[in-house]
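Please open the model in your viewer and keep the sequence panel beside it, since this tour moves from one selection to the next. At each stop, select what is named, look around, and then read on.

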Amino acid sequence: MTVKLTWHGHAAWSIDADGAKIVVDPFLKPNNPSAQVTVDDLGADFILVTHGHGDHVSDLVALAKRTGALVIANFEIYTWLGNHGVEHAHPMNHGGAFSFPFGRVKMTNAIHSSMLPDGSYGGNPGGFLIQFNDGHDVYFAGDTALTYDMKLIGEVGGVDLAVLPIGDNFTMGPEDAILAAQWVKAKHVLPTHYNTFPYIVVDAAAFAKRLQRESGIDCTVLAVDESFTLA
Ligand code: NI
Ligand code: MN
């Protein structure tokens, strides 16, 4: 059993978990200047949404409508989706977990903001802690500052993989992401949310080296549309 994660540029990911296709924060070509795939190229059974900003939801309604995927998001985004004709959605809120066919998903805290592109209130931003059916634990931090709440994830056993923003300016930068990786007790890190725009240009390879040197945690810097597999 495997969990395969593919980076589409910025903070857009797709996951293949033993045949279940999960897309995280759909922001695709041409909206996403880093992406090579469009909303028509991706399959999805489930879509996870961390928060309401355009660089996470620009392709959400189109992808949900085309694929019929179940969208998992906070209550406010769930409500907004209903107003945009997407009824197949599942509302959650922080600290709550629910078992989906691919695994158990818990919504975690994120320190950020979350207005939707049309100005609607997006509720509070979050991240996701996913315990896949094959036993792998993956933490998608979402857009967030470094927060002591991350220590709670480490205290309950840590994660096999943490997907952490490193772009700085709007989220944690590399220095704080190194602490985040340690606090959640990650075995491996994939960096996200960097280099898409001039505000968030960072040296991901230097981050990976420094993370390994300072904490012993491995980090894989993916190229756009490259994949990482937990086996
Ligand atoms: Ni954001
Ligand atoms: Mn963002």
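In which strand does Val-138 lie? Select this residue and you will find that Val-138 lies in strand S10, in what you should remember throughout is a predicted model.

**Stop 1: Val-138 and its surroundings**

With Val-138 still selected, ask whether this residue is buried or exposed. Val-138 counts as buried because its relative accessibility is 0%, and the cut-off for that word is under 20% relative accessible area. Now display the residues around it: leaving aside neighbours within four places in sequence, Val-138 is in contact with Leu-5, Phe-128, Leu-129, Ile-130, Phe-132, Leu-161, Val-163 and Leu-230. Pick Phe-128 from that list and draw a distance between the two C-alpha atoms, which should read 8.1 Å, although Val-138 and Phe-128 are 10 residues apart in sequence.

**Stop 2: strand S9 and its partners**

Next, select strand S9, residues 126–132, and follow the strands paired with it. Strands S9 and S10 run antiparallel and are joined by four bridges, and in this pairing Leu-129 stands opposite Tyr-139 in S10. The two strands form a hairpin with four residues between them, and in the turn you can click on Gly-135, which has a positive phi of about 100 degrees. S9 is also joined to S8, by seven bridges, and these two strands again run antiparallel; here the bridge partner of Asn-109 is Gly-126 in S9. Why can S9 be called largely enclosed by the rest of the structure? Six of its seven residues are buried, so the description follows from that count.

**Stop 3: the nickel ion**

Now select ligand 1, the nickel ion, and show the side chains that coordinate it: His-51 through NE2, His-53 through ND1, His-112 through NE2 and Asp-143 through OD, at 2.2 to 2.4 Å. The angles among the four donor atoms run from 88 to 178 degrees, and the site of the nickel ion is irregular. If you follow the donor residues of the nickel ion along the sequence panel, their spacing reads H-x1-H-x58-H-x30-D. His-112 lies in the loop between strand S8 and strand S9, while Asp-143 lies in the loop between S10 and H4, so this pair ties together parts that are 31 residues apart in sequence. Colour these two by accessibility, and you will see that His-112 is partly exposed, with a relative accessible area of 24%, whereas Asp-143 is buried, at 2%.

**Stop 4: the manganese ion**

Which residue coordinates both metal ions? Keep Asp-143 selected, for Asp-143 coordinates both the nickel ion and the manganese ion (ligand 2), and the two ions are 3.0 Å apart. The manganese ion is coordinated by Asp-55 (OD), His-56 (NE2), Asp-143 (OD) and His-193 (NE2), at 2.1 to 2.2 Å. In sequence, the donor residues of the manganese ion are spaced D-H-x86-D-x49-H. Asp-143 and His-193 link distant parts of the chain, 50 residues apart, with His-193 in the loop between strand S12 and helix H6. Like the aspartate, His-193 is buried: its relative accessible area is 1%, and that of Asp-143 is 2%.

**Stop 5: the seven-stranded sheet**

Switch to a cartoon view and select the strands of the open sheet, which has seven strands in the order S6-S5-S4-S3-S2-S1-S14, with mixed pairing. Strands S6 and S14 stand at the edges, each with a single partner strand, so one side of each is left without a neighbour in the sheet. Neighbouring strands of this sheet are turned by 20 degrees against each other on average, direction ignored. Within the sheet, strands S2 and S3 pair in the antiparallel sense over five bridges, and Asp-16 stands opposite Lys-21 in S3. Then add helix H2, residues 60–67, which lies across S3, S4 and S5 and runs at about 165 degrees to S4. Helix H3, residues 75–83, lies across S5 and S6, running at about 135 degrees to S5.

**Stop 6: helix H5**

Finally, select helix H5, residues 174–183, where the buried residues are Pro-174, Ala-177, Ile-178, Ala-180, Ala-181 and Trp-183. Show what covers these buried residues, which includes H4, strand S11, S12 and H6. Just after H5, click on Lys-185, which takes a positive phi of about 50 degrees.

Definitions and conventions:
Residues numbered from 1 in each chain as written. Chains lettered and ligands numbered in written order. Predicted model: local features only at pLDDT ≥ 70, side-chain atom pairs only at ≥ 80, totals over all residues. Heavy atoms only, no water. Donors = N, O, S within 2.8 Å, 3.2 Å for Na, K, Ca; no water. Buried < 20%, exposed > 50% of the residue type's maximum accessible area, 1.4 Å probe, protein only. Contact = heavy atoms within 4.5 Å. Pairing = 2+ DSSP bridges. Axes fitted to C-alpha atoms, helices over the stretch in contact; angles between N-to-C directions. Tetrahedral: all angles 85-135°; square planar, octahedral: opposite > 155°, others 65-115°.
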